[in-house]
Amino acid sequence: MGRAKLHLELLSTKKRRRKTYEIRRKGLKKKAEELSTLCRVDLCMIVHPPPLKNEEIEQLVWSNDPGQVANLIESHKLSRLGDEYSMSRTYNFSTFYEDQTRKIKEDIEKLRKKNREAKYPNWDERFNHFSLEELKILTDVLTENINAAKG
């Protein structure tokens, strides 16, 4: 038996929101530590809590090595400099539609090409067993047919 699907929506009270944040932040931090340890990946996490009145917002910045956070952020920025496409692209409905349309058109073109090749093969395997003389005769016959079709 699986768990029931959790219906996600904004919690109604700020106090409840804050309590849920505290609990889930601990779980998220634990999972990040596990991922970092088990897979030996460089990982940092920056989390902004929901604000409460008269309370200073304290963001969570976590990493196994606190000095590593700045290095990870800098390496992320550098890795994205040459990739303008991913930096400037937002993924909304219209870009999703464009991507799906492009993929479908590519698939259709592949299928058309496959059909064309099946319907009009440009080589017959039987020609592989022809002798040189038979190939010359075939070439002459094809040349005559082409000339006759031209006119």
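## A loop residue with positive phi

Arginine 40 sits in the loop between H1 and strand E1 (44-47). This is a predicted model, and in it the phi angle of arginine 40 is near 50 degrees. That is a positive value in a residue other than glycine, so arginine 40 is a good spot to pause when you look along the backbone. The side of the story told by accessibility is just as clear: arginine 40 has 78% relative accessibility and counts as exposed.

## Salt bridges in helix H1

Now for the charged pairs. The model holds 6 salt bridges, and one of them joins glutamate 22 to arginine 25. The closest N and O atoms of this pair are 3.2 Å apart. Both glutamate 22 and arginine 25 belong to helix H1 (residues 14-39), where 3 residues, or about one turn of the helix, separate them.

How accessible are the two partners? Glutamate 22 has a relative accessible area of 23%, while the value for arginine 25 is 25%. Because buried means under 20%, glutamate 22 at 23% falls outside that class and is described as partly exposed. Arginine 25 is likewise partly exposed. The pair also belongs to something wider, since Arg18, Glu22 and Arg25 are linked in a network of salt bridges.

## Arginine 102 and its two partners in helix H4

Move on to helix H4 (residues 93-119), and you will find aspartate 99 and arginine 102. These two form a salt bridge, with 3.9 Å between the closest N and O atoms. The cut-off for a salt bridge is within 4 Å, so the 3.9 Å contact qualifies. Along the helix, aspartate 99 and arginine 102 are 3 residues apart, about one turn.

Arginine 102 also forms a salt bridge with glutamate 106, and here the closest N and O atoms are 3.3 Å apart. Glutamate 106 lies in helix H4 as well, 4 residues from arginine 102, again about one turn of the helix.

Which of these residues are buried, and which are partly exposed? Aspartate 99 has 11% relative accessibility and counts as buried, because that value is under 20%. Arginine 102, at 40% relative accessibility, is partly exposed, and glutamate 106, also at 40%, is partly exposed too. Arginine 102 therefore pairs with a buried aspartate 99 and with a partly exposed glutamate 106.

Note on methods. Residues are numbered from 1 along each chain as its sequence is written. This is a predicted model: local features need pLDDT of at least 70, side-chain atom pairs count only at pLDDT 80 or more; totals for chains, interfaces and linings use all residues. Side-chain values use heavy atoms; hydrogens and water are left out. A salt bridge is a side-chain nitrogen of Lys or Arg within 4 Å of a carboxyl oxygen of Asp or Glu. Helices (H or I, at least four residues) and strands (E, at least two) are DSSP runs, numbered from the N terminus. Buried means under 20% relative accessible area, exposed over 50%, partly exposed in between (1.4 Å probe, protein chains only).
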